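This report concerns a single protein chain. Please examine the sequence and the structure displayed below before reading on.

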Amino acid sequence: NQTDLFKISRSKFNEFLKCKKCFYLDRVKGLKYPSSPGWTLNETTDLLLKKEFDLCREQQIPHRIFQKFNLDKIVPMQHENIDLWRDSLHHGLKYHIVGSNIVLHGGIDDVWFDQVTNQLIVAEYKSQATLRSVTPTDYLNGTYHQDYKIQLDVYAYLFTKMGFDVSPTGYFYVCNANRKASSFDGHLLFEEVLVPYEWHAGWIDPKIQEMIEVLNSNAIPDQNFSCENCAYTHHRAIAENI
């Protein structure tokens with residue numbers, strides 16, 4: 001029943017999709033579950049890629065990966081708010097949900113521009129280390145990559161709500177470290193692949209309304225038996241009662 005704006009990040013929205021109970025305990029009751037260490041190697045890859053793309057952004061020239069995948073009409077997008085959009089902690093993309101006090105927000109990795117269609121393209125950097133070469137089909141079908149697709153769906157949704165014309169195709173810039181190298185020698189070798197993804201946002205509005213109903217409820221949602229946090233607390237409670 002509060003009237004002040006209440007921010008929900010893209011990651012918190014994703015937590016709602018995974019487990020309504022954990023989301024409710026966090027956002028309504030203020031009970032946060034244990035955090036995990038930061039992914040500093042992945043973050044470093046993101047940081048260095050952003051430096052590369054910013055150099056191309058200044059000159060408005062295609063990045064080397066675009067030429068490799070025959071996307072020479074695409075350049076990193078120039079916009080006065082690019083640094084704000086990438087600041088997930090303090091700014092990011094923002095949309096005030098109509099008829100509510102909820103502000104959905106999230107920080108992007110990058111946004112590119114199609115010089116032919118004049119549409120912006122949502123891009124996410126992803127780092128990994130697998131023995132298999134990266135193919136779009138395998139990557140998008142991967143169990144642990146379903147959250148990535150949701151992530152890009154939400155960012156494209158936010159851009160459209162902010163009034164931008166968004167390309168129907170976004171990209172994952174996948175950096176796959178070579179685990180077959182003969183030695184380390186102070187550096188990692190990466191296979192770099194662009195994985196195109198046709199984003200879908202039609203499911204988001206209904207889920208946002210469902211999320212708002214959960215936030216406004218006085219009852220804690222039922223346990224989600226596929227949630228690891230719920231499973232842990234459930235079995236710990238059983239063990240402590242023995």
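The following paragraphs treat the overall fold, the sheet, the helices lying across the sheet, and one helix-helix contact.

The model is predicted. Its chain contains nine helices and eight strands, and the C-alpha trace extends over about 60 × 50 × 30 Å along its principal axes. Of the 242 residues, 43% are buried. Among contacts between residues at least 6 apart in sequence, 67% connect residues at least 24 apart.

Five strands form an open sheet with mixed pairing, in the order 2-5-6-7-8. Its edges are strand 2 (74-76) and strand 8 (190-198), each of which pairs on one side only. From one strand to the next, the twist averages 30°. Within this sheet, strand 5 (residues 110-114) and strand 6 (residues 119-128) run antiparallel and are joined by five bridges. Trp112 is placed opposite Ile121 of strand 6.

Two helices that lie across strands of the sheet are listed below.

| Helix | Strands crossed | Angle to strand 6 |
|---|---|---|
| Helix 3 (residues 40-59) | strand 2, strand 5, strand 6, strand 7 (169-177) | about 145° |
| Helix 7 | strand 5, strand 6, strand 7, strand 8 | about 155° |

Helix 7 also takes part in a helix-helix contact. Helix 7 (residues 146-161) packs against helix 1 (residues 10-18) at an angle of about 130°, and the two axes are 11 Å apart. Helix 1 is therefore oblique to helix 7, since an angle between 115 and 145 degrees falls in that class. The crossing of helix 1 past helix 7 is right-handed.

Which residues of helix 1 and helix 7 make the contact? On the side of helix 1 they are Arg10, Phe13, Asn14, Leu17 and Lys18, while helix 7 supplies Asp147, Ile150, Gln151, Val154 and Tyr155. By class, the residues of this contact comprise five nonpolar, two polar and three charged.

Burial in helix 1 includes charged side chains as well as others: Arg10, Lys12, Phe13, Asn14, Glu15 and Phe16 are buried. The elements covering these buried residues include helix 7, together with strand 1 (6-9), helix 2 (20-27), strand 4 (102-106) and helix 8 (204-215). Helix 7 thus appears in two settings: it lies across strand 5, strand 6, strand 7 and strand 8, and it is among the elements that cover the buried residues of helix 1.

How values were computed
Residues numbered from 1 in each chain as written. Predicted model: local features only at pLDDT ≥ 70, side-chain atom pairs only at ≥ 80, totals over all residues. Heavy atoms only, no water. Axes fitted to C-alpha atoms, helices over the stretch in contact; angles between N-to-C directions. Helix = DSSP H or I, 4+ residues; strand = E, 2+ residues; numbered from the N terminus. Parallel < 35°, antiparallel > 145°, perpendicular 65-115°, else oblique. Left-handed = near helix turned anticlockwise from the far one by under 90°. Contact = heavy atoms within 4.5 Å. Buried < 20%, exposed > 50% of the residue type's maximum accessible area, 1.4 Å probe, protein only. Pairing = 2+ DSSP bridges.
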